[in-house]
Amino acid sequence: MPSSVENEIVPGEENPTSRLEEEGEIAADYLEELLDIADLDGDIDIDVDHGRAAVEIVAEPDSERALRRLVGADGEVLDALQELTRLAVQAKTGERSRLMLDIAGYRAERRTELVAVAEEAIARVQESGAPVALAPMNPFERKVVHDTVAAAGLVSDSEGVEPARHVVIRAS
């Protein structure tokens, strides 16, 4: 029976999925310690999504409000915790991590909002043919918009410098 080259694991090469799962486990351990220190309750879910380790702190009943403090205004605390978690993973693995962290469903909700914003801007570009510049966004938010624009067959670019970096959508 012929073997499938794409599923074949070559000796000495690590399976990318197992490496991402390991990143998730390291991140989960780090975040569990953080929750213990902060005396917060939450379950940790680990997944691999779009070639990245994805970790979410899920609120237990009656603890969502407390976990939302770890999100902060406009996700600023969440972004900082994500960077700290990535550094903790890097310290253990020796490699840079692209891990995504979500807390109490904040990023999932934000993704839904951003897709709607992007779709409205796409419609305006298709109607007028003129480029549309969106409000400044963090890297996660810009990626969601870029992906939505690409799926619609238009083009987008990030312009400006942080914290005013924003997406401009154009007809292709």
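Asp79 counts as partly exposed at 23% relative accessibility, a class that lies between buried (under 20% relative accessible area) and exposed (over 50%), as found with a 1.4 Å probe on protein chains only. Its salt-bridge partner is Arg107, with the closest N and O atoms 3.0 Å apart, where a salt bridge is a side-chain nitrogen of Lys or Arg within 4 Å of a carboxyl oxygen of Asp or Glu. This is a predicted model, in which local features need pLDDT of at least 70 and side-chain atom pairs count only at pLDDT 80 or more, while totals for chains, interfaces and linings use all residues. Residues are numbered from 1 along each chain as its sequence is written, and side-chain values use heavy atoms, with hydrogens and water left out.

**Salt bridges**

- The pair of Arg107 in helix 4 and Asp79 in helix 3 (residues 76-93) links distant parts of the chain, 28 residues apart, and Arg107 counts as buried at 4% relative accessibility.
- Asp157 and Arg170 meet through their side chains in a salt bridge of 3.0 Å, N to O, and this pair joins strand 5 (residues 155-159) to strand 6 (residues 166-170) across 13 residues.
- Both of these residues are partly exposed, Asp157 at 37% relative accessibility and Arg170 with a relative accessible area of 28%.
- Glu64, Arg68 and Glu109 are joined into one network by salt bridges that share partners.
- Within that network, the closest N and O atoms of Arg68 and Glu109 are 3.0 Å apart, and the pair links helix 2 (residues 64-68) with helix 4 (residues 106-128), 41 residues apart.
- Arg68 is partly exposed at 24% relative accessible area, as is Glu109 at 41%.
- The count of salt bridges comes to twelve.

**Fold and contacts**

- The protein chain has five helices and six strands, taken as DSSP runs numbered from the N terminus (helices H or I, at least four residues; strands E, at least two).
- From the N terminus on, these elements follow the order α-β-β-α-α-β-α-β-α-β-β.
- Among contacts (heavy atoms within 4.5 Å) with a separation of 6 or more, 55% come from residues 24 or more positions apart.

**Surface and charge**

- Of the 172 residues in the protein chain, 35% count as buried.
- The protein chain exposes about 10500 Å², of which carbon and sulfur atoms supply 51%, with areas from the Shrake-Rupley method using a 1.4 Å probe and, for residues, only the protein chains shown counting as cover.
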